[in-house]
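Subject: Handing over a structure for you to explore

Hi there,

Here is the structure I promised to pass on to you. Have a look at it first, and then read on for what turned up in it.

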Number of protein chains: 2
Amino acid sequence: MLGVTADNHLTDEDRKFLAGYDPHAFPPAAVTVDLVILTVRAGELCVLQIRRGEPPQRGRWALPGGFVGPDETLDEAAARELAEETGIRAGAHLEQLATFGDPGRDPRMRVVSVAYLALVPDLPTPVAGTDASEARYLPVAKLGGTEQSLAFDHDRILAEGIERARAKLEYTGLAATFLDEPFTIADLRRVYETVWGVPLHAANFRRKVLSTPGFVEPTGEKLATGRGWAELYRRGATAHLHPAIPRPAAT
Amino acid sequence: MLGVTADNHLTDEDRKFLAGYDPHAFPPAAVTVDLVILTVRAGELCVLQIRRGEPPQRGRWALPGGFVGPDETLDEAAARELAEETGIRAGAHLEQLATFGDPGRDPRMRVVSVAYLALVPDLPTPVAGTDASEARYLPVAKLGGTEQSLAFDHDRILAEGIERARAKLEYTGLAATFLDEPFTIADLRRVYETVWGVPLHAANFRRKVLSTPGFVEPTGEKLATGRGWAELYRRGATAHLHPAIPRPAAT
DNA sequence: GCAATAGTGTCTCTCAGACATTATGGT
DNA sequence: ACCATAATGTCTGAGAGACACTATTGC
């Protein structure tokens, strides 16, 4: 096991050094977090977008995000932004995605943006944040046209977020974070089909999910669906699936 | 296909806004890149470390890294640091790992570090960079003791880098980037055994590698080894392996 | 010959994919 | 009765793991 705690004890030399240290000696940058917030609603994978209420690029759609506070960790800033935009404070999945810092990606100054990926259950309605005049969930299938392109380099961030989400469904139990509990195996299968954009074999999917230990936990309850009924499940404890859920090649 | 190019065209409103914009309005931070440079030498997975030549934490071992220049992309800064520390300008694998920005991780000021992972072939001898007084390749098996703990939060960065490298060998052809060309199947197997720390079944490994299209390309040459001979191969063109190389559970 | 490593052949077990069948309950 | 969906059972092919065996060359 590797040590994972930083030992930041200061030596006497460090103290002397810091007393005479000028923080303006290095090229300054602003640090932001931008969020790719994905959900499944009405059979479509959707991403939360905010219409910018202030320059630059006012009126244009963008990913939600904001500056990192002086005393916040990056994870805390991302969790705060997620709560501000969606009202979600717990239960969602939130992970760091990648960092984007090309010079000129923001015309104001050097801005380094740490992108996060959030997977959330279907929400009642978007809550506009302080900076935002409007919010929407856009199906990712509608992306691609120049009409829909986002501000700054957010198209690229979004593309990486979607690809990360698709990959993570293969080897983690994160698909269940898109669902409210309890859910049926068919609900879970529809999440996979929606995110991957391919139909899955219902019988094989069921066998695979139930034979993977810790993926889902049976509640013992049954739900009357349209025709017939279905058993209900909760999220399992296992984060890493062994073996993985095979992802068919995209059509 | 999603658009991946940022459209940063400025509106007239943007220009007016920027003319009156004060870059000091947001909490400033310094942005650095830190590199986890891994190689395989003498049957051990090793990481390049630099002994800090200046405060803070002078004399302590750390990962190589440095500040991102005002006109550099993050990738360019990482490639520059890699070249400065190792002399390598091409051929190595370099990818963004994760970003670390806890307040207080560097006593000087708010420093956000974008960590990169580099996989390089065995090198003649470490070249000390400008800021460094000393450099070494430390086998990662020797990590873990407090004696070996690195400056700042570099232990944590290193742990993530090692885990990323181990995972990537499963589903990419990156193992070959640890080797000079041409190499034998046994050389490649020893890379896997070294990085994963487990013995692999030689016959099955060979069958797996050769049946995976695009993993390695035969040269047709044969090399006289100590006893017997072995066929020689080059890196294949395929980045993503299908199916993956199964990774046995750690002992 | 013996030792050590490279390479080939084959068997078995697991599991994904495909298909068939039954059960359920609303229309 | 009919239909859509849930759930169960069975067959097959691909592939991983294990083992036996041959080939080559230095000692």
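Chain B and chain A bury about 4,600 Å² between them, and 62% of that lies on carbon and sulfur atoms. Buried area here is the accessible area (1.4 Å probe) that two parts lose on being put together, summed over both. Please keep in mind that this is a predicted model, in which local features need pLDDT of at least 70 and side-chain atom pairs count only at pLDDT 80 or more, while totals for chains, interfaces and linings use all residues. Residues are numbered from 1 along each chain as its sequence is written, chains are lettered from A and ligands numbered from 1 in the order in which they are written, and side-chain values use heavy atoms, with hydrogens and water left out.

Where the two chains meet

How many residues take part in the contact? On chain B there are 57, and they touch 58 residues of chain A; contact means heavy atoms within 4.5 Å. Two salt bridges are counted between chain B and chain A, a salt bridge being a side-chain nitrogen of Lys or Arg within 4 Å of a carboxyl oxygen of Asp or Glu. One of them brings together the side chains of Glu13(B) and Arg58(A), at 2.3 Å from N to O.

The rule also finds 12 residue pairs in polar contact across this interface, both residues being at pLDDT 80 or more. A polar contact is a pair of N or O atoms within 3.5 Å; within protein, one must be able to donate a hydrogen and the other to accept it, and residues adjacent in sequence count only if both atoms are side-chain atoms.

Which elements of chain B supply at least two residues each to the side that touches chain A? They are α1 (12–19), β1 (28–41), β5 (93–100), β6 (111–119) and α3 (154–171). Helices (H or I, at least four residues) and strands (E, at least two) are DSSP runs, numbered from the N terminus. The residues on that side of chain B divide into 32 nonpolar, 11 polar and 14 charged. For this split, Ala, Val, Leu, Ile, Met, Phe, Trp, Tyr, Cys and Pro count as nonpolar, Asp, Glu, Lys and Arg as charged, and the others, Gly among them, as polar.

Strands pair across the interface too: β1 (residues 28–41) of chain A and β1(B) run antiparallel, with three bridges. Two strands pair if DSSP finds at least two bridges between them. In this pairing, Ala29(A) has Ala29(B) as its bridge partner.

How the two copies are related

A turn of 180° with a shift of 0.0 Å along the axis lays chain B on chain A with an RMSD of 0.0 Å. That is the relation of a two-fold axis. The same surface serves both copies, as 100% of the contact residues of chain B recur in chain A. Copies are superposed by least squares on the C-alpha atoms of residues with pLDDT of at least 70 in both.

A sheet to trace

In chain A, three strands form an open antiparallel sheet in the order β8-β10-β9. Why is one side of β8 (183–184) and of β9 (216–224) left without a neighbour in the sheet? Both stand at the edges, each with a single partner strand. Two bridges join β8(A) to β10 (residues 229–235): Phe183(A) is partnered with Tyr233(A), and Thr184(A) with Leu232(A). Six bridges join β9(A) to β10(A), and among the partners there are Ala224(A) and Trp229(A).

Chain B has an open antiparallel sheet in the order β8-β10-β9. There, Phe183(B) stands opposite Tyr233(B).

Backbone details

Most residues other than glycine have a negative phi, and most peptide bonds are trans. Here are some exceptions to look for. His242(A) and Pro243(A) are joined by a cis peptide bond, with omega about -5°, and Pro243(A) lies in the segment after β10 of chain A. Another cis bond links Pro55(B) and Pro56(B), with omega about 0°; Pro56(B) is in the loop between β2 (44–52) and β3 (61–62) of chain B. Gln57(A), a residue other than glycine, has a positive phi near 60° and sits in the loop between β2 and β3 of chain A.

Happy exploring!
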